Amino acid sequence: MPKKVLVVGGGTGGTIVANNLAHRLHDKLVAGEVEITVLDPSPLHVYQPAYLLIPFGIMHRSEAIRSERSLLAETVRFRQEGATKIDLKNRTVQTASGNLGYDFLVLATGARPDYSQVPGLEKAGYDFYTLDNAYRLREALGRFGGGRLVTAVAGIPFKCPTAPIEFAFLADSYYSRLGLREKVQVDYVYPLPRPFTIQNVAEDVQTMMDGRKINVNLLFNIESVDPEKKELKSMEGETIKYDLAVLTPPHTGAEVVIKSGIAGKGGWIPTDRYSLRVNGYDDAYAIGDATDIPVSKAGSAADFEAAVVATNIWDSLNGFAPSLRYDGKVMCFIITSIGEATILLFDYEHPPKPPPSNFACYWYKLVYNRMYWSITAKGLLPGVGV
Amino acid sequence: MSENQQEKVKVIDARGSFCPGPLMELIRAVKESAVGDVIEIWSSDTGSQRDIPKWTEKAGHEFLGVIHEEGYDRIKVRKKR
């Protein structure tokens, strides 16, 4: 009987962990000693960082989508169906076509916007958290001739914590280039007492926003949105009027992990922050946006985590003790204008020390958008620095 | 969330959660509570001592103080409106 590795979810984390393992286990896979299966209902893999850049015309649909099958190593089995129930005690994942057993399970089930948490949110405005919504927003930004453009965070945590900051900077840059900046007031609205979770980065962001005349509204926790009056109302009793609202929705975990009783608070999977094992299980791992560990919900975190999990599963399959721990490493770009960016590199113990914004970081970000398909997603850069 | 019968305080144990986790959990609890309720949040994140009073002041609730325990703080807030 082959040893079975089952990966639930074919996003960034799931695809990288499968490919990383497939490269290491090529001979065993060919010999039928090991099987790696990726399960996902979608045949398409979407590069989600494109969602922020599509509204400004910096990326396009064709650059954001590939077939999942084309990204996976030939030795990895891809089943285009969703998990309907995950039974960790009995090592079984149920799908519409039957039950799948496993020796090692990787839950890479991601995060999803949950508009229902804030009344009025879904009808109120625009967002860049799906491909279709990114294109709707692109049209809206192009039509917007002036007024108050409000970008607001309606719940923490959410995918890509720097994205709302980047959106405000990009909007400033976009309308400046069009000669419309004086007609467009840009507001950034955030629930915390500073414009980002990490203190020193928040100070830099505040300085940059002040310099760019972006209004920063803090401690504004959105309670409801009134699409008719075009108003955001906060739990703190304040109201912000908008002409165009770009709202980051609250997020939650995948329905299958909630229905299977695996999820904890917020729909996130209780996960050991170092081993990345699902708490209480030594044969089930969780990576990427799906976990409850205190790191950014970002593709780079999923990438670094995938390298740790692939290494430790390889160790176990070969009779060794797991040899890696995840140190909380995350790498995020912050695009600060159309043409400049900075970079955050941090882990559990070391806060980021971002360099001043510069063209080289921006250039690298755009190059990385293309490298993702040929190198990162294919598992060819396994955990540099992990 | 549990209820301490003697002090009639709703306790939220957010120890092990990092910024902004404890503040977000407090905000959620205040949203679900009645005016006059006291909420006590347990936090091991030192940033909570700075962030929670700022939020309670802005939101019009009453900051009742901090009790330092071994490795964490008990921060009390009363919902006022």
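## Labels and cut-offs in a predicted model

Colleague: Why does K259(A) count as exposed?

Modeller: This is a predicted model, and its values are computed. K259(A) has 63% relative accessibility. Exposed means over 50%, so K259(A) is exposed.

Colleague: What makes E255(A) partly exposed?

Modeller: E255(A) has a relative accessible area of 44%. Buried is under 20% and exposed is over 50%. The value 44% falls in between, so E255(A) is partly exposed.

Colleague: How do you know that K259(A) and E255(A) form a salt bridge?

Modeller: Their side chains meet at 3.1 Å, N to O. The cut-off is 4 Å. The distance is within that cut-off, so the pair is a salt bridge.

Colleague: Where do K259(A) and E255(A) lie?

Modeller: Both sit in helix 10 of chain A, residues 255–259. They are four residues apart, about one turn of the helix.

Colleague: How many salt bridges does the whole structure hold?

Modeller: The search over all chains gives 24. One of them joins R148(A) and D187(A).

Colleague: What makes R148(A) and D187(A) a salt bridge?

Modeller: Their closest N and O atoms are 2.9 Å apart. The limit is 4 Å, so the pair passes.

Colleague: Why do you say that R148(A) and D187(A) tie together separate parts of the chain?

Modeller: R148(A) lies in strand 11 of chain A, residues 147–153. D187(A) lies in strand 12 of chain A, residues 184–189. The parts are 39 residues apart in sequence, so the pair ties them together.

Colleague: Are R148(A) and D187(A) buried or exposed, and what are their values?

Modeller: D187(A) has a relative accessible area of 1%. That is under 20%, so D187(A) is buried. R148(A) is at 22%. That value is not under 20% and not over 50%, so R148(A) is partly exposed.

Colleague: How do you know that R15(B) forms a salt bridge with D13(B)?

Modeller: The closest N and O atoms are 2.8 Å apart. That is within 4 Å, so the label holds.

Colleague: Why are R15(B) and D13(B) called partly exposed?

Modeller: R15(B) is at 37% relative accessibility. D13(B) has a relative accessible area of 37%. The class runs between 20% and 50%, so R15(B) and D13(B) are partly exposed. Elsewhere in chain B, salt bridges that share partners join E40(B), E69(B), R74(B) and K76(B) into one network.

Colleague: Which charged residue is buried yet has no salt bridge?

Modeller: D303(A), in helix 11 of chain A, residues 299–317. The nearest side chain of opposite charge is R24(A), 10.0 Å away. A salt bridge needs 4 Å or less, so D303(A) and R24(A) do not form one.

Colleague: What is D303(A) in contact with, leaving aside its neighbours within four places in sequence?

Modeller: I16(A) and T376(A).

Colleague: What makes K213(A) unusual in its backbone?

Modeller: K213(A) has a positive phi of about 60 degrees, although it is not a glycine. Most residues other than glycine have a negative phi. K213(A) lies in the loop between helix 9 and strand 13 (215–217) of chain A. Its relative accessible area is 68%. That is over 50%, so K213(A) is exposed.

Colleague: Where does K230(A) lie, and what is its phi?

Modeller: K230(A) also has a positive phi, about 55 degrees, and is not a glycine. Its place is the loop between strand 14 (222–226) and strand 15 (231–234) of chain A. At 36% relative accessibility, K230(A) falls between 20% and 50%, so the label is partly exposed.

Colleague: Why is the bond between I156(A) and P157(A) called cis?

Modeller: Omega is about 5 degrees there. Most peptide bonds are trans. P157(A) lies in the loop between strand 11 and helix 8 (163–177) of chain A.

Colleague: How many cavities of 30 Å³ or more are counted?

Modeller: One. The largest cavity holds about 40 Å³ of space. Helix 1 (21–32) and helix 2 (48–59) of chain B each give two or more residues to its lining.

Colleague: Which residues line the largest cavity, and how do they divide by class?

Modeller: L192(A) lines it, together with C19(B), P20(B), P22(B), L23(B), D45(B), G47(B), S48(B) and D51(B). They divide into five nonpolar, two polar and two charged. Asp counts as charged, so D45(B) and D51(B) are the charged pair. Gly counts as polar, so G47(B) falls in the polar class.

Key: Residues numbered from 1 in each chain as written. Chains lettered and ligands numbered in written order. Predicted model: local features only at pLDDT ≥ 70, side-chain atom pairs only at ≥ 80, totals over all residues. Heavy atoms only, no water. 1 Å grid on protein atoms, 1.4 Å probe; cavity = no way out; pocket = protein on both sides within 12 Å on 5 of 7 lines; lining within 4 Å. Points joined across faces, edges and corners; volume = space filled by probe spheres on them. Buried < 20%, exposed > 50% of the residue type's maximum accessible area, 1.4 Å probe, protein only. Lys, Arg positive; Asp, Glu negative; His and termini not counted. Contact = heavy atoms within 4.5 Å.
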